[in-house]
Structure formats: structure tokens, C-alpha cells
Amino acid sequence: MTDSFAEVAGVRVSTDHLIGGERVPSAERFDDLSPIDGRVLARVSAGGADEADAAVRAAAEAFAGWAELGPEGRLTHLLRLAELIDDNVERLAAVECEDMAMLLESLRARVIARGARNYRAYAELAAQHAERAWSSNGTDNRVVRMPAGPAVVITPWNAPFMLSTWKTAPALAAGCTVVLKPAEWSPLSCSLLADLTVEAGLPPGVFNLVQGSGEAAGAALVSHPGVRRISFTGSPETARAIGRAAAENLVPFTGELGGKGPLLVFADADLDGAASRAAQMYDDAGQVCLAGTRLLVDGEVVDEFRERFDAAVDAQVLGDPREAETTISPLIHPDHLDRVEGFVERARERGDRIVRGGRRAEIGGLFYEPTLIEPASNDSEIVQREVFGPVLTLQTFAGEAGGIELANSTAYGLSAVICTRSAARAERVGRAVRAGTTWVNAFLVRDLTAPFGGMGISGIGREGGDYALDFYSDLKTLQIKQGSTPLD
Ligand code: NAD
């Protein structure tokens, strides 16, 4: 096997770019490691300015034809793509599990299928769209969506397949052509996605894939003058750099960024449900942007909550994500493990209390023990900054206002989870918490037509449903003077 292909879990994966319908290698390559055992899975083409330029040009050439198909024409292609994803769940799940170490069972059961759902939902939504039409001041008016042009989509290493489909689906459904750059730590399932776009018959250049680092491939893509939209998921730090590039070319961009969500447990909550939801925050080794990593518990019930939480975490099993009994997988990369460890060590040094975990797991590899920290104060770094690992904090509050105040006390605002049995409290607190998505007695349930994004440093703009389709369109107001077009 040459460097242009890798064999991963018995699946043949191209390690090259997809540009204008052709696989294109780069002279330079980077090693892609498996978090499971550190072995080199693939030597992936490392794109830079040349590959970025070629991909954006290919997307620009394909744009007029794709836009002209209209939502109905694109629907056929995107439904076929969704069908192919469903047909390939096993292959996609196996590769993503080796590449990113997400639990194989959850990839098989829901995460990959969500990719198919993304394409179906957006293609159908675009095709069903009724233009807003009304009359005023003697004119008949309509709001028309015009596809914006080539879009660059940049995604992070956690949930690479799901997030890449979540972002490319509305772009393609709206009539944009796409250049996707996945993260360099888990690039392989997106390469399989690129193959499926070809198999689904998407015209060459409609979907392009550029592999490589953020500094080289990513930066070249987001600063390319041919790009008309940028959609990014990742950290607030990277979003700032992308925002500067977008500003230079006056290109709209959305950023779905980091989180430090509160999980609020009120005294009237179902404590069993709240504790098992809290323990769920260690899933995927805590590498989930939406996780409620700050456990905020009413002081009246904190002891009962702790007992239940400890029991739920004791039942977790660290291990190989390919094994059915495993519930907590390894972290993505040695650098990330160092980063997570650094947060905990600094917390320890500044006097925060490590009440559970707080060290690398004895089984070795990239495992870190599920960790719970009681911070010395609310301004502790461990409370105020996203760790993106299996590290939760526990704080108590008194009264509803106290809970809301703590919940809203970081610069982030991506998600929140509220546990209460009171409908009135659910309404009050749900509205008062500063978070783009707020769940009451639930977590991770999503309706794809709802707006999705973050407040504060957790995001800029909204995707989801019509919000995303509008983002990938140029909205035009068309006004025709009433009675002025009598010829037909
Ligand atoms: P990151 O910001 O380091 O990288 C994300 C992507 O940006 C990668 O593909 C990277 O190569 C690219 N990139 C880096 N520098 C770039 C540059 N200058 N120009 C263009 N592209 C560049 O984030 P990460 O470490 O891969 O992911 C973790 C972060 O993502 C966390 O903060 C997490 O909360 C966030 N995230 C948010 C959501 C959400 O929906 N809000 C979902 C998943 C992850």
C-alpha cells in the first residue's frame, strides 16, 4: 500500500485531498496516530496554499452548475449521499473509532446515522422552503435566497464526521460548493465522506477536501479571496484568527466554539436522573463541547447528589473504545493529555480540592481518570476555562438566583442543563441562563431545525434549520410594481 491509502480496521482510506473530483497528493505528509494504541494509522497529505487555491478554484468552477440545479435538483443528490452514509455505517464507525477513539457502539448506533440525517434534513428543508411573499407600497415583494458561492468548512477533531456533515449539509443544500478541511488529529472519516460524495454523483468540484494543519491548509483556505462563506467549529482562539481573515475579505463567518456549560441541580430535581446525566459528562473522555462540566448543585441536596454521582461514575469502565463494555475512551492525542493534566495540576497548586481522579489512569496509554474538583473559588481557572477532557467541577449554591448567577459566571455560553421537577422553575431558569442551547431534564436531544450556536466566546452566528440555509445564501428582496407587468 502506498502512502496515498491506509488500511484502517480493514477499510481502505484515501489519505489525499479531493479536488475537482480527483484525488490529489501533496509532497509533504503528516502522521495520523490512533489514540487507542499510538500507532501510525496513515500518512496524510499535508495541504498548503497551493492545494487551498486549487480547491477553492474547483469549488468556484462547479458553483454555477450546482446553484442552477435549485433545491429540488440538489435534493436528489443529497438524499443519495444520505443513503450511502447509512449503507456505510459500519465502515465509517470502524475508521472513526480507530482515528478518534469515540466509542464504537455509539458511532454505530447514532453518531454516523446523524450524518445521514443532516443531509436529509437540510436537503428537504431547502426544497420545502416557501419564499416570504407580501405586498406593500404598491409592489409585490419576495425574499429570494441566492446561493452565496464557495464555502470553506473547518472542523475540529472531536466528532469529525458528524460535525463535518452538520456543516456541509446546509451549505450544499443552499447551493454553495464546499471545501472541507478536517482536523489533523482525526482526518480519516472525512476522507471516506469525500468518497461517498463522488459515489453519490455530486458533480466534480461541488465537494472538495483539503487535508493539513490549521496553520498551513486552514489559514490559506480562510484567507482565499474566492471564498464567500466560512463556517468553523473549534476553539475561540482559532475563531479569532479566522475572524480576522474573514474580515479582510468581508466574508460572513460562523463559529461554533468552546463551552463550559453548567449542569444545575435544584433541590426539587430527580436526583437519580441528575446524577446519571452528570456522570454522562465523562462520555468521550469529556471531549464534548456541549458537556455540562460545571456541576452546580443546591447545597440542600449536595450530599445525596454526590452519593448517586459517585455510584454512577464508579460504574464507568475505561478501556478500548472498540469493546462493548467500555464507557470512557482515551484522549485524542498525547499533547491533549498533557494539556488536560496541566489544568488539573494548576488547580491542585492553587488550592482547588481534587475529590476524584486527578491523574493518568493506571491502564496507561492516553487515559485520564474521571476527575471531580471542588474549586477554591469561582474565579479558579478550572471553573473559568474549557478543559475538554474528563474533568468536572462541583460547586454549591443557595436559592434559584444563586444558581443562575453561578451558571452565568463564565465568558462561555454554549449549553446548559437544568434538573428540576418544577415547570415554573424550568421556564424561569431556562430563560435566564445564558446559553445557546438549554436542556431541562435532558441532554444532547436535538431538533435540526432549531438554531444552534453559542453566546459570549462560545460562538458567533447561528446554524441549524433555516438559520443555516440563510447563512449560506445571499438574501435578496425582489419588488415588482403591481400592475406593471401585464404581458403575461
Ligand atoms: P481548534 O480551534 O484547535 O481547531 C479546529 C480546526 O481549525 C482544525 O481543523 C484546525 O486545523 C483548524 N485551524 C487551526 N488554526 C487555524 C487557522 N489559523 N486558520 C484556519 N483553520 C485553523 O479546535 P480543536 O482543538 O480541533 O477542537 C476543540 C475545540 O472545538 C473545543 O474548544 C471545542 O469546544 C470546540 N468544539 C465546538 C463545537 C460546537 O459545536 N460549538 C463542537 C465541537 C468542538
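These questions and replies cover strand E9 and the ligand site of a predicted model.

Me: What makes E9 and E10 a pair of strands?
Reply: A pair needs at least two bridges. E9 (residues 151–154) and E10 (residues 178–181) have 4, so they pair. They run parallel. Val153 has Leu180 as its bridge partner in E10.

Me: Why is the crossover from E9 to E10 called right-handed?
Reply: The chain leaves E9, passes through helix H5 (residues 160–174) and reaches E10. With the strands pointing away from the viewer, that path runs clockwise, so the β-α-β crossover is right-handed.

Me: What makes E12 a partner of E9?
Reply: The bridge count again. E12 (residues 229–233) is joined to E9 by 4 bridges, against a requirement of at least two, so the strands pair. These strands also run parallel. Arg229 is the bridge partner of Ala151.

Me: How do you know that both faces of E9 are covered?
Reply: Side chains in a regular strand alternate between the two faces of the sheet. Ala151 and Val153 lie on one side, Val152 and Ile154 on the other. All four are buried, each under 20% relative accessible area, so both faces are covered.

Me: What makes the approach of Ser235 to the ligand a polar contact?
Reply: The cut-off is 3.5 Å between N or O atoms. A ligand oxygen lies 2.7 Å from an N or O atom in the Ser235 side chain, so the pair qualifies. The protein buries 88% of the 860 Å² that the ligand exposes when taken alone.

Conventions. Residues numbered from 1 in each chain as written. Predicted model: local features only at pLDDT ≥ 70, side-chain atom pairs only at ≥ 80, totals over all residues. Heavy atoms only, no water. Buried < 20%, exposed > 50% of the residue type's maximum accessible area, 1.4 Å probe, protein only. Polar contact = N/O pair within 3.5 Å; in protein donor to acceptor, adjacent residues only side chain to side chain. Areas by Shrake-Rupley, 256 points an atom, 1.4 Å probe, with all protein chains shown as cover.
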